[in-house]
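Work through the exercises below with the sequence and the model at hand. Each task is followed by its solution in steps.

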Amino acid sequence: MLFQGTSSRTALDIARIMDHAGGSVGGFTSRDYTNYYAVVTDDYATFALDLLGDVFLNPVFPQASIDSEKHAIRCEIQARLDDPEHRVHDLLKSHVWSGHPLGRAITGTIDSIDTLDREALIYFLHQHYLPERIVIAGAGHIEHDDFVAHVRDAFWRMLPSGAPTPRRRAADFHPGLIIDENPTRQAYFAIGLAAPAYTAENRYAVHVLTRLLGGGLSSRLFRLLRDEHGMVYEIHASYQAYRDAGLIVIEGSTLPQNVVPVVATICQELIDLGTWQRPIDEEELVRAKAQLTAQTILSGEDSHSSMARLATQEIYFGRYLGETELLDAIDRVDLTALEHLSRHELRLDTTPKALTVSTPDASSIEAEADALRDLLGMHVPTESHRTLF
């Protein structure tokens, strides 16, 4: 709604300014923060900052636009429910972090959108959009002191509130088996394991480990499940970390009748790593570290990625971690660190896991629920969703 007009600009004025600049402006929400961005040529950097300052300081929240935007977000929520990959992902996080804000769907629910009104938006803005909670970052052809001066001009009316930073609590991990009936041709699944939060000392080892597991065509799970057995078209693993918790997610899709053997293969691979019966070798380690190193370097070549990196590092660490520091941290990950991580910190062989499955026939998966719970080291009941969650 911030882009739907200010006291001096209409939504059309904002759109025309950005079109004239040949750039883009927008925003998105993650589980830890909301990001507003503008990408323009350096000639229009001052205009972009002035625009962002205007939408932060002087939004008018026209009622007609609120009604229209609420309708658009309802459509977005329904579209996400229609996407089985997003569906299992959201179900996984809502279960493993139930009772914690991290477990809430980023898009909200249709009920929560329906209850919002103009007064709620204004209250939220004044409660949360405060200088001590905002990081402004820029990257590209800019001069630091000039940029800082323009920021002060654009956001001149923002004064520190003196409000204390809210205390945060860690998110507890809840294992479970969630079966969702959805009219798809394939079964989509996501396995979750508790992992360190974003700022953990061993985060680079976790990144390397997930690359080894499912980070590319040469990863262990891709070779096993795609190349050797042909049971999946796609399989990948990722480390998704936030301020309050982290999660290793292994996800993919397969034919409904293959869910149990696919999950069994994944769990056996985790057991082999957790017991170090099939240890990581030096070649795998070098390949995973090279992949992470290349992605870090390439992301630094993009101004938008550099800008995002500056902001998120300030949020999580209170300082900037330069590329050299990142690359050195990746390079320091060795086989000893990965063995300790797998066997003692993550306990991959015994730690309880969570599994969500979205399938056209829930009853066939429910019949295998006991076997799946045993594979995942769980002692919890099955939760089924036969309607939209």
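The exercises cover a pocket, two cores, two helices and three single residues.

This is a predicted model, in which local features need pLDDT of at least 70 and side-chain atom pairs count only at pLDDT 80 or more, while totals for chains, interfaces and linings use all residues. Residues are numbered from 1 along each chain as its sequence is written, and side-chain values use heavy atoms, with hydrogens and water left out.

**Exercise 1. Describe the second largest pocket and its lining.**

Step 1. A pocket is an open set of points on a 1 Å grid over the protein atoms alone, where a 1.4 Å probe fits, with protein on both sides within 12 Å along at least five of seven lines; lining residues have an atom within 4 Å of a point. Its volume is the space filled by probe spheres set on the points, which are joined across faces, edges and corners. For the second largest pocket the volume is about 1,100 Å³.

Step 2. The lining holds 35 residues, and Tyr 198, His 207, Tyr 239, Arg 309 and Thr 312 are the closest to the pocket centre.

Step 3. Helices (H or I, at least four residues) and strands (E, at least two) are DSSP runs numbered from the N terminus. Those that give two or more residues to this lining are helix H8 (203-214), strand S5 (232-241), helix H11 (282-300), helix H12 (303-317) and helix H13 (323-331). H12 provides the largest share, seven residues.

Step 4. Sort the lining by class, with Ala, Val, Leu, Ile, Met, Phe, Trp, Tyr, Cys and Pro as nonpolar, Asp, Glu, Lys and Arg as charged, and the others, Gly among them, as polar. The result is 16 nonpolar, 14 polar and five charged residues.

**Exercise 2. Find which members of the largest nonpolar core touch the most other members.**

Step 1. A nonpolar core is a set of buried Ala, Val, Leu, Ile, Met, Phe, Trp, Tyr and Cys residues joined through side-chain atoms within 4.5 Å. Buried means under 20% relative accessible area, exposed over 50%, and partly exposed in between (1.4 Å probe, protein chains only).

Step 2. The largest core has 53 residues, and the members sought are Ile 235, Ile 250, Ile 266, Leu 338 and Leu 355. A separate second core has 21 residues, including Ile 14, Met 18, Ala 38 and Phe 61.

Step 3. Contact means heavy atoms within 4.5 Å. Beyond its neighbours within four places in sequence, Ile 235 has contacts that include Phe 189, Leu 221, Ile 250 and Ile 266.

**Exercise 3. Examine the buried residues of H4 and H9.**

Step 1. Helix H4 (residues 84-96) is largely enclosed by the rest of the structure, because 10 of its 13 residues are buried. Among them are Pro 84, Arg 87, Leu 91 and Val 96.

Step 2. In helix H9 (residues 220-228) the buried residues are Arg 220, Leu 221, Phe 222, Leu 224 and Leu 225. Their cover includes H8, S5, strand S6 (246-254), helix H10 (259-274) and H11. Just after H9, Gly 230 has a positive phi of about 60°.

**Exercise 4. Is Thr 359 buried or exposed, and how do Gln 63 and Arg 347 count?**

Step 1. Thr 359, in strand S7 (residues 354-359), is buried, with a relative accessible area of 0%.

Step 2. Gln 63, in helix H3 (residues 63-82), counts as partly exposed at 41% relative accessibility.

Step 3. Arg 347 lies in the loop between helix H14 (335-345) and S7. Its relative accessibility is 39%, so Arg 347 counts as partly exposed.
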